[in-house]
Amino acid sequence: MGSGWHEWPLVLFTVLGQCVVGATIITGMGWLAARNERADQRRIVLNMFFLWVIMGIAFLASVMHLGSPLRAFNSLNRIGASALSNEIASGSVFFAVGGFWWLLSALGKMPAALGRLWLIISMLLGLIFVWAMTRVYQIETVPTWYNGYTTASFFLTVVLTGPLFAALLLKLAKVPFNGAFFASLSVLAFLASVAVVVMQTAELGFIHSSVQQANALLPDWGRLQVWRFGFLAAGLGCWICPLLRRVSPGAIGLTLGLLFVLAGELIGRGLFYGLHMTVGMAIAG
């Protein structure tokens, strides 16, 4: 029982990894849109450095969960047959391909046409990475994870955190950014997350084993979800309120908003891991 924070390396790995994927896609779109403004592209690339720093922190957390770097390499032995191997492999490929694109672009060694194609491939690899993450938790003997809510929540984290992180990076790069559209996407993701929690909460009462009831795993489920959505609303508000006033959000406000949103998603992901049922025979319904 508890909040699931005992799995904090996995909480950090999944949330930060999904945040980087979302930010890479949105920031990458900004880079592609600035194809005729080399100075803007240059500033965007330099600020994308923070993407790979956060991705490095995420992978460091995953290695801590595995216990040692050697176990991380050994986990790659079953690519194609193991969901965990596929997750680590797809994440490593995304990190390597995207990281090398950034390095060559930052050094001014990336040809323009190749750079556009390389970046698009990196963005697609990010989505594959998130999909591979979701497959790790589709375990038939863990009915609290073996459902569409897991897949939905992972991709919703991409849309909740990524655009806000990208807005901050583009703000730091002093590049014009149509934040209203992407802020609207994050608001829709927020509403979808609320719907997912409501439906999942209703179904937890029907999931049980011979010794355990799913809705008894987390006695503080409701209270922590309130805190989670409070943080999410505060974070998105730091971004959206200035836009409603037709004012460009400041870097400090966007940073604060990103921290709030990440805090909310970390709480939510902790609750996800807290729902793990270590049972051999589970009954749903």
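**Exercise 1. Work out whether Arg-43 is buried, partly exposed or exposed, and describe its salt bridge.**

*Solution.* Start with the number: in this predicted model, Arg-43 has a relative accessibility of 29%. Buried means under 20% and exposed means over 50%, with partly exposed in between, so Arg-43 counts as partly exposed.

Next, look for its partner. The side chain of Arg-43 meets that of Asp-40 in a salt bridge, at 2.4 Å from N to O. Now try the cut-off on Asp-40: its relative accessible area is 15%, so Asp-40 is buried.

Finally, place the pair along the chain. Both residues sit in helix H2 (residues 38-47), and because they are three residues apart, about one helical turn separates them.

**Exercise 2. Find how many salt bridges the structure holds, and describe the others.**

*Solution.* The count is three, and Arg-43 with Asp-40 is one of them.

Let's take Arg-223 and Asp-220 next. Their side chains meet in a salt bridge at 3.2 Å, N to O. Arg-223 has a relative accessible area of 47%, which makes it partly exposed. Asp-220, at 37%, also counts as partly exposed.

Then turn to Glu-265 and Arg-228, whose closest N and O atoms are 3.1 Å apart. Glu-265 belongs to helix H10 (residues 251-274) and Arg-228 to helix H9 (residues 221-244), so this salt bridge ties together parts that are 37 residues apart in sequence. Check the burial too: Glu-265 is buried at 2% relative accessible area, and Arg-228 is buried at 8%.

**Exercise 3. Describe how helices H1 and H5 pack, and name the residues that meet.**

*Solution.* First find the two helices: H1 covers residues 8-33 and H5 covers residues 83-106. Their axes lie 12 Å apart, and the packing angle is about 35°.

Now consider the handedness: H1 passes H5 in a left-handed crossing.

Last, list the contacts. From H1 come Phe-13, Val-20, Val-21, Thr-24 and Trp-31. In H5, they meet Glu-87, Phe-94 and Trp-101.

**Exercise 4. Identify the residues of the nonpolar surface patch and the helix that gives the most to it.**

*Solution.* Begin with the members: Phe-49, Phe-50, Val-53, Ile-57 and Leu-172. Together they have about 400 Å² of accessible area.

Then sort them by helix. Helix H3 (residues 49-66) gives the most, with four residues. Leu-172 lies in helix H7 (residues 148-172).

As a last step, check Leu-172 for exposure: its relative accessible area is 40%, so Leu-172 is partly exposed.

Terms used. Residues numbered from 1 in each chain as written. Predicted model: local features only at pLDDT ≥ 70, side-chain atom pairs only at ≥ 80, totals over all residues. Heavy atoms only, no water. Patch = residues over 30% accessible without salt bridge, like charges linked within 9 Å, V, L, I, M, F, W, Y side chains within 5 Å. Areas by Shrake-Rupley, 256 points an atom, 1.4 Å probe, with all protein chains shown as cover. Salt bridge = Lys/Arg side-chain N within 4 Å of Asp/Glu carboxyl O. Buried < 20%, exposed > 50% of the residue type's maximum accessible area, 1.4 Å probe, protein only. Axes fitted to C-alpha atoms, helices over the stretch in contact; angles between N-to-C directions. Left-handed = near helix turned anticlockwise from the far one by under 90°. Contact = heavy atoms within 4.5 Å.
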